[in-house]
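Please find below a colleague's note on the structure, arranged as numbered points. It is intended for a reader who is new to it.

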Amino acid sequence: MPQTSERFSDLGGGAPVSALRVSTYVIPTEEPESDGTLEWSATTLVVVELEAGGCAGLGYTYADKATAELVDEVLRKVVMGGDVLDGPALFSAMARAVRNHGFPGVAAMAISAVDAALWDAKARLLGVPLAKLLGAERDAAPVYGSGGFTSYSIDRLCEQLAGWVGDGIPRVKMKIGRDPSADVERVRAARAAIGPEPELFVDANGAYERKQALELARRFADLGVTWLEEPVSSDDLAGLRLARNRAPAPIRVAAGEYGYRGVYFMRMLAAGAVDVLQADASRCGGPTGFLRVGALCDAWQVPLSAHCAPALHLHACLAAPRLLNLEYFHDHARIEQMLFDGAAHPVAGELRADLTRPGLGLALKRKDAERFAA
């Protein structure tokens, strides 16, 4: 195999994208799931595969089938023939192409999947894992087990959270907000199940009113909760700031998972709305957008947390400034283990990238995925 320097010299003429394929898979959940504001029974995965310079690149997002259609009908003509070595130029070109579609939402998620595939292809061309190409700051990303859906019985909730702790993950998160009158007892049961030492996080998905959030934060703190995610709507920056300023000291307020572009995160930081800023590479522009959020966190001296999609985030997390943790979300971790060869398992509460595999280190298990094709 040629050395990286030789590979790079061979790419003097660039590596234009010569093919692009997008596919959609709908994977049922193990059982009906819900959080404070939403219910669902399936998760949709949109996968982008492209070829450039004789190498394949893979990216994906968790989004609606409309996302795949936008990749196929709008982004394809922007990316085809473009040089994967010029990722920032292609990112900007994709952003311009969706101007009249509106960047947030479907368009941003489509760009995120393509951006991840471009980075994967570039790293594979150079024969290096993506973390090395991005410039890793750490060897591993701390994870927290995430699930504990409001649709779960108390027994199922406790079983799942205690299972993660038993597997060596020292921090776990549960959903709250569907029935606020029952939340304290559910949190109490979760604490009893995991014991006094592991960290316990709660996520309301914006279900509470401001004063309600403050009262429940006080009661959660008595049960050792250290993380309160979206106690109010993430659009309510004043409400988030109120919760951040008034919640008992052990609790950190987190939000940001619904951010699609830099200005959203900048406004949240400027408002002093969060102790921890979340970003989701499957929504905010792939590795390119995620690392730009990481730079904002570094500038504002605020920790960064990666939201969901653990296999997609891992390499970028190793390179991101001020990374606090990576969400090992039950639905996504299950899908990634089912459908991607190379998806890492947590060990001692951390995810480590397999640095013997180039790029993201993932390969679609095509035959396993076919039965979920939409």
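1. Where is the place of asparagine 205? Asparagine 205 lies in the loop between strand S6 (199-203) and helix H8 (210-222); helices (H or I, at least four residues) and strands (E, at least two) are DSSP runs, numbered from the N terminus. With a relative accessibility of 6%, asparagine 205 counts as buried, a term that means under 20% relative accessible area, with exposed meaning over 50% and partly exposed in between (1.4 Å probe, protein chains only). Its phi is near 50 degrees, a positive value in a residue other than glycine.

2. This is a predicted model, in which local features need pLDDT of at least 70 and side-chain atom pairs count only at pLDDT 80 or more, while totals for chains, interfaces and linings use all residues. Residues are numbered from 1 along each chain as its sequence is written, and side-chain values use heavy atoms, with hydrogens and water left out.

3. On confidence, the protein has a mean pLDDT of 96, and 97% of its residues reach 70 or more; pLDDT is the predictor's confidence in each residue, from 0 to 100. Over residues 1-6, pLDDT stays under 50, and the model has 4 contacts beyond four places in sequence for them. Contact here means heavy atoms within 4.5 Å.

4. Helix H8 follows the loop that holds asparagine 205. H8 has 13 residues and reaches 19 Å from its first C-alpha to its last, close to the 18 Å expected at 1.5 Å a residue; the expected span is 1.5 Å times one less than the number of residues. Its buried residues are Ala213, Leu214, Leu216, Ala217, Phe220 and Ala221. These pack against helix H7 (180-194), S6, strand S7 (225-229) and helix H9 (237-246). Just after H8, glycine 224 takes a positive phi of about 80 degrees.

5. Helix H11 (residues 286-300) invites the same check of length. Its 15 residues should span 21 Å at 1.5 Å a residue, and its end C-alpha atoms are 21 Å apart, which agrees. Buried in H11 are Gly286, Pro287, Thr288, Gly289, Phe290, Val293, Gly294 and Cys297. Their cover includes helix H3 (87-97), helix H4 (106-126), helix H10 (262-270), strand S9 (276-279), strand S10 (304-306) and helix H12 (310-319). Glutamine 301, just after H11, takes a positive phi of about 60 degrees.

6. Which loop holds cysteine 308? Cysteine 308 is found in the loop between S10 and H12, and alanine 309 lies there too. Cysteine 308 counts as buried at 4% relative accessibility, and its phi is near 60 degrees, a positive value in a residue other than glycine. Alanine 309 is buried as well, with a relative accessible area of 0%. Not counting residues up to four places away in sequence, alanine 309 touches Tyr62, His332 and Glu336.

7. His332 and Glu336 are among the buried residues of H13, together with His330, Asp331, Ala333, Ile335 and Leu339. Because 7 of the 10 residues of helix H13 (residues 330-339) are buried, this helix is largely enclosed by the rest of the structure.

8. The largest nonpolar core has 93 residues, and those with the most contacts inside it are Leu45, Tyr60, Phe220 and Phe290. Such a core is a set of buried Ala, Val, Leu, Ile, Met, Phe, Trp, Tyr and Cys residues joined through side-chain atoms within 4.5 Å. Its largest share, 7 residues, comes from H12. A second, separate core of 33 residues includes Leu20, Leu50, Phe91 and Ala117. Leaving aside neighbours within four places in sequence, tyrosine 60 is in contact with residues including Leu45, Ala113, Ala311, Glu336 and Phe340.

9. The structure holds 9 aromatic pairs. Tyrosine 264 and phenylalanine 265 form one that is edge-to-face, at 5.4 Å centre to centre and 80 degrees between the planes. Rings of Phe, Tyr and Trp (its six-membered ring) pair if their centres lie within 6.5 Å; planes under 30 degrees apart count as stacked, over 60 as edge-to-face and the rest as tilted. Both tyrosine 264 and phenylalanine 265 are buried. Ring pairs also link Trp40, Phe149, Tyr152 and Phe329 into a cluster.

10. The charged end of arginine 156 sits over the ring of tyrosine 152, 4.7 Å from its centre. This description requires NZ of Lys or CZ of Arg within 6 Å of the ring centre and within 35 degrees of the ring normal. Likewise, the charged end of arginine 261 sits over the ring of phenylalanine 103, 4.3 Å from its centre.
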